[in-house]
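This report goes through one structure, starting with a single chain and ending with its partners. Please look at the sequence and the model before reading on.

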2 protein chains.
Amino acid sequence: MPAKRPPVPLTRDRIIEAALHLADHQGLRRLTMRRLGDALEVEAMAIYHHIPGGKDALMDALAEHVTTVPVADEGADWRDRARAWCRAGRAALLEHPGVLALALTRPPRGTAAAMLREQCDSLQEAGLKEATTALRALRSYVMGSVATEIQDKEQESRQDPTETFERGLDALLTGLTGSHVNLS
Amino acid sequence: MPAKRPPVPLTRDRIIEAALHLADHQGLRRLTMRRLGDALEVEAMAIYHHIPGGKDALMDALAEHVTTVPVADEGADWRDRARAWCRAGRAALLEHPGVLALALTRPPRGTAAAMLREQCDSLQEAGLKEATTALRALRSYVMGSVATEIQDKEQESRQDPTETFERGLDALLTGLTGSHVNLS
DNA sequence: GCGCGTCCCTTTACACAGTAAGGCGGGTTG
DNA sequence: CAACCCGCCTTACTGTGTAAAGGGACGCGC
């Protein structure tokens, strides 16, 4: 009987990393407790010791991982800060396309939710009326953009996705800028 | 042995309808071939006769169903038309929140894809430069908006979602309007 | 040294998932 | 009436999530 203790001890972070790799390369459908165990050279049930709550908790953790982006809140103009958030959020989501469905479905919790509140405060301090509305619009645009990008990834697209994203982001930001002046 | 023939014959449409109902009320996770069969008063394997390709094809069909919205292409201003599309798209997605993850993940095909091309042409004929970019931005915003709406549905939100959606949509439309005049 | 808890991991077990293969009856056609 | 075929059922197999219990290695007190 080979060594009972695995060569390197199991860790919540190692589990999440392996799960992301598996989901990205083989699809969420093939992310399975047993396969995840195989990837970690461990039996499937070992995972439950580090992630209480089972697969559903794992999914939550993955969603939180790809929606949690540490980004400095710098920049004079609120538009620059918002742009930085949006770019960082898009990049984080694009890094792990396999778990996008989770990120879009599960509500933000923990660190991700805290960051949202922080950003909302930041916008309000910048003097922006209806900061929550603006933030929701930006968040929606980012999440939707990544979704469409990943959707269209398998079919040909002669346009640079980043360029397209920036164009739309600019449009949304300028539109939000005038929102407390213009009337629909 | 009870009657072999079910009271009402099975149909692809009936299957899709029952699947949507099940996913919306019990979650995608509980949408199961056998449970779907139970809901239709039929054995699970009967479904395969009407939906070749199994569960994955069913998922595709559900995604296509909630992303296919018949909407008249009327209105003088292209902004009014785009607004109508976006409202209709949002409404259709919100009607079946259970399958949102499918709609956001699977690329548009068939009728849905055709409608996208049609809308793109419509924008171009309206004299809008970069119609594809604009359309992508709008589509992204709609998809993301529905995602955030459904995410936040389980927690309290003192703001009217429709109002918030319209505000962001207005902002995006005004931003897109000036996009071929302004420079970033 | 030796027992003994404690922590991780494994083993075993079970209910339920998707679905390939084949059976069977009843309506339609000759 | 016979042949046929369509639509549904039955059976069977592999794979999945996970509860429950087992077991081995490490630390501790004595």
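What share of the contacts in chain A with a separation of 6 or more comes from residues 24 or more positions apart? Such residues account for 65% of these contacts, where two residues are in contact if their C-beta atoms, placed from the backbone, lie within 7 Å.

This is a predicted model, in which local features need pLDDT of at least 70 and side-chain atom pairs count only at pLDDT 80 or more, while totals for chains, interfaces and linings use all residues. Residues are numbered from 1 along each chain as its sequence is written, and chains are lettered from A and ligands numbered from 1 in the order in which they are written.

**Chain A**

Chain A has 9 helices and 0 strands; both are DSSP runs numbered from the N terminus, helices being H or I with at least four residues and strands E with at least two. Along the principal axes, the C-alpha atoms of chain A fill a box of roughly 75 × 40 × 25 Å. Of the 184 residues in chain A, 35% are buried, that is, they have 20 or more other C-beta atoms within 10 Å of their own, with C-beta atoms placed from the backbone.

**A helix pair**

Two packed helices are described by the angle between their axes and the distance between the axes. In chain A, the axes of helix 5 (residues 78-95) and helix 9 come within 11 Å and cross at roughly 145°. These axes are lines fitted to C-alpha atoms over the stretch in contact, and angles run from 0 to 180 degrees between N-to-C directions. Helix 5 of chain A contributes A:Arg79, A:Ala82, A:Arg83, A:Cys86 and A:Arg90 to the contact, and helix 9 of chain A contributes A:Phe165, A:Leu169 and A:Leu173.

**Partners of chain A**

In chain A, 37 residues are in contact with 37 residues of chain B. Helix 8 (131-153) of chain A is one of the helices that supply at least two residues to this side, and helix 8 of chain A gives the most, with 15 residues.

DNA strand C is surrounded by 20 residues, the closest being A:Glu43, A:Met45, B:Met33, B:Gly54 and B:Lys55. A residue is near the strand if its C-beta atom, placed from the backbone, lies within 6 Å of it. Helix 2 (33-39) and helix 4 (54-67) of chain B each give two or more residues to this surface.

The table divides residues by class: Ala, Val, Leu, Ile, Met, Phe, Trp, Tyr, Cys and Pro count as nonpolar, Asp, Glu, Lys and Arg as charged, and the others, Gly among them, as polar.

| Surface | Nonpolar | Polar | Charged |
|---|---|---|---|
| Side of chain A that touches chain B | 13 residues | 18 residues | 6 residues |
| Surface near DNA strand C | 9 residues | 3 residues | 8 residues |
| Contact of helix 5 with helix 9 of chain A | 5 residues | no residues | 3 residues |

Conventions. A residue is buried if 20 or more other C-beta atoms lie within 10 Å of its own, exposed if 12 or fewer, and partly exposed in between; C-beta atoms are placed from the backbone.
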